[in-house]
Amino acid sequence: MIEIHSTSIPEVKVMTSSRAIDGRGFFAETYSRRDFIEIGITADFVQDNESWNSAAGTIRGLHFQRPDFAQAKLVRVLSGAILDVAVDIRVGSPTYAQHVALELDAADNKQIFIPRGFAHGFCTLAPATHVTYKVDAYYSEAHESGLLWNDPNLAIKWPVDSAAAILSEKDADLPGFAAFESPFMFEAA
Ligand SMILES: Cc1cn([C@H]2C[C@H](O)[C@@H](COP(=O)(O)OP(=O)(O)O[C@H]3O[C@@H](C)C(=O)[C@@H](O)[C@H]3O)O2)c(=O)[nH]c1=O
(Lines give C-alpha, C1' and ligand atoms only; values in the text may rest on other atoms or scores of the structure.)
Protein backbone atom coordinates (compact mmCIF):
# COMPACT_ATOMS: atom_id res chain seq x y z
CA MET A 1 0.00 0.00 0.00
CA ILE A 2 1.31 3.36 -0.96
CA GLU A 3 -0.03 6.70 0.17
CA ILE A 4 0.64 9.84 -1.85
CA HIS A 5 1.00 13.34 -0.43
CA SER A 6 0.95 16.52 -2.47
CA THR A 7 3.56 19.27 -2.23
CA SER A 8 3.59 22.96 -3.16
CA ILE A 9 4.71 21.93 -6.69
CA PRO A 10 2.10 19.47 -7.96
CA GLU A 11 4.50 17.34 -10.02
CA VAL A 12 6.76 16.72 -7.01
CA LYS A 13 5.18 13.94 -4.99
CA VAL A 14 5.83 12.45 -1.58
CA MET A 15 4.96 8.84 -0.93
CA THR A 16 4.64 6.76 2.21
CA SER A 17 4.79 2.99 1.88
CA SER A 18 3.03 0.99 4.56
CA ARG A 19 5.13 -1.27 6.75
CA ALA A 20 4.29 -4.73 8.03
CA ILE A 21 5.64 -4.68 11.58
CA ASP A 22 6.28 -7.80 13.66
CA GLY A 23 8.66 -9.06 16.33
CA ARG A 24 11.58 -9.08 13.89
CA GLY A 25 11.19 -5.54 12.67
CA PHE A 26 9.32 -4.48 9.55
CA PHE A 27 8.84 -5.27 5.89
CA ALA A 28 7.94 -2.71 3.24
CA GLU A 29 7.69 -2.60 -0.53
CA THR A 30 9.54 0.58 -1.41
CA TYR A 31 8.97 0.43 -5.15
CA SER A 32 6.38 -1.44 -7.15
CA ARG A 33 6.06 -0.36 -10.77
CA ARG A 34 2.39 -1.36 -10.78
CA ASP A 35 1.52 0.69 -7.66
CA PHE A 36 3.51 3.70 -8.82
CA ILE A 37 1.75 3.68 -12.20
CA GLU A 38 -1.56 3.66 -10.31
CA ILE A 39 -0.59 6.90 -8.54
CA GLY A 40 0.57 8.47 -11.82
CA ILE A 41 4.33 7.89 -11.65
CA THR A 42 5.25 6.21 -14.90
CA ALA A 43 9.00 6.83 -14.84
CA ASP A 44 10.92 3.84 -16.12
CA PHE A 45 13.75 3.62 -13.60
CA VAL A 46 17.01 2.21 -15.01
CA GLN A 47 19.66 2.93 -12.37
CA ASP A 48 19.83 2.82 -8.56
CA ASN A 49 22.30 5.10 -6.76
CA GLU A 50 23.40 5.36 -3.18
CA SER A 51 25.35 8.00 -1.38
CA TRP A 52 26.92 7.71 2.02
CA ASN A 53 27.68 10.91 3.89
CA SER A 54 29.91 10.91 6.94
CA ALA A 55 28.97 14.23 8.45
CA ALA A 56 25.93 16.40 9.12
CA GLY A 57 25.98 19.57 7.04
CA THR A 58 27.08 17.81 3.85
CA ILE A 59 25.60 19.33 0.71
CA ARG A 60 25.23 17.54 -2.62
CA GLY A 61 23.66 19.54 -5.42
CA LEU A 62 21.97 21.24 -7.00
CA HIS A 63 22.21 18.81 -9.90
CA PHE A 64 20.44 17.79 -13.08
CA GLN A 65 21.35 16.11 -16.34
CA ARG A 66 20.49 17.91 -19.57
CA PRO A 67 18.36 16.30 -22.29
CA ASP A 68 18.61 13.66 -23.68
CA PHE A 69 19.81 12.30 -20.34
CA ALA A 70 17.39 14.19 -18.08
CA GLN A 71 16.50 12.18 -14.97
CA ALA A 72 13.47 11.79 -12.76
CA LYS A 73 14.52 10.67 -9.26
CA LEU A 74 12.93 8.72 -6.43
CA VAL A 75 14.82 9.46 -3.23
CA ARG A 76 14.76 7.90 0.22
CA VAL A 77 16.98 7.68 3.29
CA LEU A 78 18.26 4.42 4.79
CA SER A 79 20.01 5.92 7.82
CA GLY A 80 20.34 9.42 9.19
CA ALA A 81 18.32 12.29 7.74
CA ILE A 82 18.37 14.90 4.98
CA LEU A 83 16.66 18.04 3.87
CA ASP A 84 15.91 17.16 0.25
CA VAL A 85 15.37 20.01 -2.22
CA ALA A 86 13.88 20.03 -5.73
CA VAL A 87 13.97 23.29 -7.73
CA ASP A 88 11.63 23.73 -10.69
CA ILE A 89 13.73 24.73 -13.72
CA ARG A 90 11.05 24.20 -16.39
CA VAL A 91 10.79 27.43 -18.38
CA GLY A 92 7.15 28.57 -18.45
CA SER A 93 6.18 26.58 -15.37
CA PRO A 94 3.81 28.36 -12.97
CA THR A 95 6.27 27.37 -10.23
CA TYR A 96 9.49 28.18 -12.14
CA ALA A 97 12.42 28.79 -9.73
CA GLN A 98 10.33 27.69 -6.75
CA HIS A 99 11.34 24.66 -4.74
CA VAL A 100 10.08 21.92 -2.48
CA ALA A 101 12.18 21.22 0.62
CA LEU A 102 11.32 18.11 2.55
CA GLU A 103 12.91 16.40 5.50
CA LEU A 104 13.41 12.68 4.96
CA ASP A 105 14.73 10.32 7.60
CA ALA A 106 15.27 6.65 8.03
CA ALA A 107 12.27 6.24 10.32
CA ASP A 108 9.51 8.02 8.41
CA ASN A 109 9.38 5.67 5.36
CA LYS A 110 8.80 8.61 3.04
CA GLN A 111 10.16 8.97 -0.48
CA ILE A 112 10.15 11.99 -2.74
CA PHE A 113 9.56 11.77 -6.49
CA ILE A 114 11.26 14.51 -8.48
CA PRO A 115 10.36 14.66 -12.18
CA ARG A 116 12.64 15.61 -15.06
CA GLY A 117 13.06 19.38 -15.30
CA PHE A 118 14.12 19.89 -11.68
CA ALA A 119 17.48 20.56 -10.07
CA HIS A 120 18.01 18.33 -7.05
CA GLY A 121 20.15 18.51 -3.95
CA PHE A 122 20.21 17.66 -0.28
CA CYS A 123 21.82 18.57 3.01
CA THR A 124 22.50 15.90 5.60
CA LEU A 125 20.97 16.56 9.01
CA ALA A 126 22.85 13.81 10.85
CA PRO A 127 26.18 11.99 10.60
CA ALA A 128 26.28 8.61 8.84
CA THR A 129 23.50 9.47 6.43
CA HIS A 130 22.84 6.91 3.76
CA VAL A 131 20.70 8.00 0.81
CA THR A 132 19.43 5.90 -2.06
CA TYR A 133 17.62 6.98 -5.20
CA LYS A 134 16.39 5.56 -8.44
CA VAL A 135 16.82 7.46 -11.72
CA ASP A 136 15.09 6.98 -15.06
CA ALA A 137 18.06 7.76 -17.34
CA TYR A 138 21.63 6.56 -17.18
CA TYR A 139 24.44 8.69 -15.82
CA SER A 140 26.14 10.76 -18.50
CA GLU A 141 29.09 12.88 -17.49
CA ALA A 142 28.69 14.90 -20.70
CA HIS A 143 25.15 15.91 -19.67
CA GLU A 144 25.86 16.78 -16.01
CA SER A 145 24.85 20.27 -15.00
CA GLY A 146 23.89 22.18 -11.91
CA LEU A 147 23.22 25.36 -10.02
CA LEU A 148 24.95 26.86 -7.02
CA TRP A 149 23.22 25.43 -3.92
CA ASN A 150 23.08 28.65 -1.89
CA ASP A 151 22.27 31.15 -4.62
CA PRO A 152 20.18 33.81 -2.84
CA ASN A 153 17.83 34.03 -5.85
CA LEU A 154 16.59 30.55 -5.01
CA ALA A 155 15.91 31.45 -1.36
CA ILE A 156 16.39 27.92 -0.07
CA LYS A 157 16.53 27.78 3.73
CA TRP A 158 19.40 25.32 4.10
CA PRO A 159 20.01 24.00 7.61
CA VAL A 160 23.75 24.78 7.43
CA ASP A 161 25.75 28.00 7.13
CA SER A 162 27.56 28.47 3.85
CA ALA A 163 30.90 28.66 5.67
CA ALA A 164 30.32 25.37 7.51
CA ALA A 165 28.85 23.32 4.66
CA ILE A 166 30.85 20.34 3.40
CA LEU A 167 30.68 20.06 -0.37
CA SER A 168 32.68 18.99 -3.41
CA GLU A 169 34.84 21.46 -5.32
CA LYS A 170 32.64 20.78 -8.32
CA ASP A 171 29.53 21.85 -6.42
CA ALA A 172 31.22 24.94 -4.97
CA ASP A 173 32.00 26.04 -8.56
CA LEU A 174 28.50 25.57 -9.99
CA PRO A 175 27.05 28.67 -11.69
CA GLY A 176 24.51 30.96 -10.07
CA PHE A 177 20.91 31.41 -11.12
CA ALA A 178 21.07 34.95 -12.56
CA ALA A 179 22.54 33.95 -15.95
CA PHE A 180 20.99 30.50 -15.98
CA GLU A 181 19.47 29.28 -19.23
CA SER A 182 17.43 26.20 -18.54
CA PRO A 183 17.27 23.45 -21.16
CA PHE A 184 13.80 22.42 -19.92
CA MET A 185 10.39 23.66 -21.08
CA PHE A 186 7.22 23.26 -19.05
CA GLU A 187 4.74 20.88 -20.62
CA ALA A 188 1.24 21.08 -19.15
CA ALA A 189 -0.17 17.68 -18.23
C1 LIG B 1 25.84 10.75 -10.29
C2 LIG B 1 26.88 9.71 -10.72
C3 LIG B 1 28.21 9.89 -10.44
N4 LIG B 1 29.13 8.98 -10.83
C5 LIG B 1 30.56 9.21 -10.51
C6 LIG B 1 31.13 10.51 -11.00
C7 LIG B 1 32.14 10.85 -9.92
O8 LIG B 1 33.35 10.20 -10.21
C9 LIG B 1 31.58 10.24 -8.65
C10 LIG B 1 30.89 11.24 -7.73
O11 LIG B 1 29.97 11.98 -8.52
P12 LIG B 1 29.29 13.33 -7.96
O13 LIG B 1 30.28 14.11 -7.20
O14 LIG B 1 28.61 13.99 -9.12
O15 LIG B 1 28.21 12.73 -6.96
P16 LIG B 1 27.02 13.50 -6.22
O17 LIG B 1 27.48 14.88 -5.91
O18 LIG B 1 26.54 12.67 -5.13
O19 LIG B 1 25.93 13.60 -7.37
C20 LIG B 1 24.59 13.30 -7.13
O21 LIG B 1 24.01 14.35 -6.37
C22 LIG B 1 22.62 14.23 -6.11
C23 LIG B 1 22.18 15.46 -5.37
C24 LIG B 1 21.82 13.94 -7.32
O25 LIG B 1 20.70 14.41 -7.52
C26 LIG B 1 22.39 12.93 -8.25
O27 LIG B 1 21.68 12.88 -9.47
C28 LIG B 1 23.87 13.14 -8.48
O29 LIG B 1 24.05 14.30 -9.29
O30 LIG B 1 30.66 9.23 -9.08
C31 LIG B 1 28.75 7.84 -11.51
O32 LIG B 1 29.61 6.98 -11.87
N33 LIG B 1 27.43 7.62 -11.78
C34 LIG B 1 26.47 8.52 -11.41
O35 LIG B 1 25.25 8.30 -11.67
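**Entry 1: His 63.** I looked up the burial of His 63 in this predicted model. I counted 19 other C-beta atoms within 10 Å of its own. Burial calls for 20 or more such atoms, and exposure for 12 or fewer; His 63 is therefore partly exposed. I placed His 63 in strand S6. Leaving aside residues up to four places away in sequence, I listed Ala 119, His 120, Gly 121 and Gly 146 as the residues that His 63 touches.

**Entry 2: the annotated pair.** I consulted the UniProt record, an unreviewed entry, for the term "active site". According to that record, the annotation covers His 63 and Tyr 133. I noted that the two positions are spread over 71 residues of sequence but cluster in space, with a largest C-alpha distance of 13.5 Å.

**Entry 3: Tyr 133.** I then asked whether Tyr 133 is buried or exposed. I found 23 C-beta neighbours inside 10 Å; because the threshold for burial is 20 or more, Tyr 133 counts as buried. I located Tyr 133 in strand S13, which covers residues 129–135. Its contacts, again without residues up to four places away in sequence, are Asn 49, Lys 73, Leu 74 and Val 75.

**Entry 4: the ligand shell.** Which residues surround the ligand? I recorded Asn 49, Ser 51, Arg 60, Gly 61, His 63, Lys 73, His 120, Gly 121, Phe 122, Tyr 139, Ser 168 and Lys 170. The annotated His 63 is thus listed in this shell. His 120 and Gly 121, which His 63 touches, are also listed there, as are Asn 49 and Lys 73, which Tyr 133 touches. By class, I noted two nonpolar, seven polar and three charged residues in the shell. I also checked which strands contribute: S5 (47–53), S6 (59–65) and S12 (118–124) each supply at least two residues of the shell.

**Entry 5: the sheet.** I traced an open sheet of six strands in the order S1-S2-S11-S7-S13-S5, with antiparallel pairing. Its edge strands are S1 (2–5) and S5, each of which pairs on one side only. I noted that neighbouring strands of this sheet are turned by 25 degrees against each other on average, direction ignored. Strand S13, which holds Tyr 133, stands beside S5 in the strand order, and S5 supplies at least two residues of the ligand shell.

**Entry 6: the S1 and S2 pairing.** I examined S1 and S2 (residues 13–17) and found that they pair in the antiparallel sense over four bridges. For Ile 4, I recorded Met 15 in S2 as the bridge partner.

Notes: Residues are numbered from 1 along each chain as its sequence is written. This is a predicted model: local features need pLDDT of at least 70, side-chain atom pairs count only at pLDDT 80 or more; totals for chains, interfaces and linings use all residues. A residue is near a molecule or strand if its C-beta atom, placed from the backbone, lies within 6 Å of it. Ala, Val, Leu, Ile, Met, Phe, Trp, Tyr, Cys and Pro count as nonpolar, Asp, Glu, Lys and Arg as charged, and the others, Gly among them, as polar. Two strands pair if DSSP finds at least two bridges between them. Axes are lines fitted to C-alpha atoms, for helices over the stretch in contact, and angles run from 0 to 180 degrees between N-to-C directions. UniProt positions are given in the numbering used here, feature names are shortened, and annotations may be inferred rather than shown by experiment. Two residues are in contact if their C-beta atoms, placed from the backbone, lie within 7 Å.
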